[in-house]
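Here's a quick walk through one protein model, written for someone who would rather look at the fold than read tables. Have the viewer open as you go.

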Amino acid sequence: MRIDQNELRQLDRTYRLNIINSVSGIKPANLIATRSMDGISNVAIFSSVVHLGSDPALLGFIVRPAGKLPRNTYENILETGEYTINHVHPEMAERAHYSSAKFPRETSEFSMCGLTEEYVSGFSAPFVQESTVKLGMRFEEEIPIARNGTTLIIGSVRLAIIPDEADSGDGHLDLETTEAVGISGLNSYYRVTKFAQFPYARPDEIPDFK
């Protein structure tokens, strides 16, 4: 298959959406949880969480244009300044997936999708109890992306909850141990299998690939 820009524009809308969402490869599956100022919890699945830096520790994710539909995650983050990022695992993947449904603002996805709120001292936003890797985040800034109306949300890591057995001893996390899940497109889920770990790449230590 080979598709140029003009052919891409002429594709069926759903087909184009699916192929472009899949072509970037497998992305991490995360549940982002928030709590509104009036105490309503919200949780939604995202596949756009990305590392932005380690000092300070920053992560970003993309929110789509609001339009006529409420974007509870986005609105709650701006209101409270706090949110959590929680890894998805196979046994909770189906429940996590359905958190993407467009529920009314006054309805908590936690209760609708069979997920459990967990609160940690110092954070108003809930964590997802079923998740084993959880991050408490503080909103830092947003960057609008004019070309398509999306927004990059940037947050700092204030708390990391990680299983002891996932720590390899040098800071690398064994995501196979935690059973982290990946997403391709909008609704295909993959297990993570570790097959190699290579040393930090230095110019004078490159193997002879010839």
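## Starting in the sheet

How many bridges join E2 to E6? Four, and the two strands run antiparallel. Before going further, some ground rules: this is a predicted model, where local features need pLDDT of at least 70, side-chain atom pairs count only at pLDDT 80 or more, and totals for chains, interfaces and linings use all residues. Residues are numbered from 1 along each chain as its sequence is written, and side-chain values use heavy atoms, with hydrogens and water left out.

Helices (H or I, at least four residues) and strands (E, at least two) are DSSP runs, numbered from the N terminus. Two strands count as paired if DSSP finds at least two bridges between them.

## The whole sheet

Seven strands make up an open, antiparallel sheet, in the order E3-E2-E6-E9-E10-E5-E4. E3 and strand E4 (50-54) are the edges, each pairing on one side only. On average, neighbouring strands are turned by 35 degrees against each other, direction ignored. For angles, axes are lines fitted to C-alpha atoms (for helices, over the stretch in contact), and values run from 0 to 180 degrees between N-to-C directions.

E2 and E3 pair over six antiparallel bridges, with alanine 33 opposite valine 43 in E3. Helix H3 (residues 72-80) packs on the sheet, and its direction makes about 50 degrees with that of E2. The strands H3 touches include E2, E3 and strand E5 (57-63).

## E6, covered on both sides

Six of the six residues in E6 are buried, meaning under 20% relative accessible area (exposed is over 50%, partly exposed in between; 1.4 Å probe, protein chains only). In a regular strand the side chains alternate between the two faces of the sheet. Here Glu82, Thr84 and Asn86 are buried on one side, and Tyr83, Ile85 and His87 on the other.

On the E2 side, asparagine 30 stands opposite histidine 87. Five bridges join E6 to E9, again antiparallel, and glutamate 82 faces arginine 138 in E9.

## The nonpolar cores

A nonpolar core is a set of buried Ala, Val, Leu, Ile, Met, Phe, Trp, Tyr and Cys residues joined through side-chain atoms within 4.5 Å. The largest has 16 residues, and Leu31, Val43, Val88, Leu115 and Val128 touch the most other members. A second, separate core of 14 residues includes Phe46, Leu59, Met137 and Ile153.

Leaving aside neighbours within four places in sequence, valine 43 is in contact (heavy atoms within 4.5 Å) with residues including Leu31, Ala33, Phe110, Leu115 and Val128.
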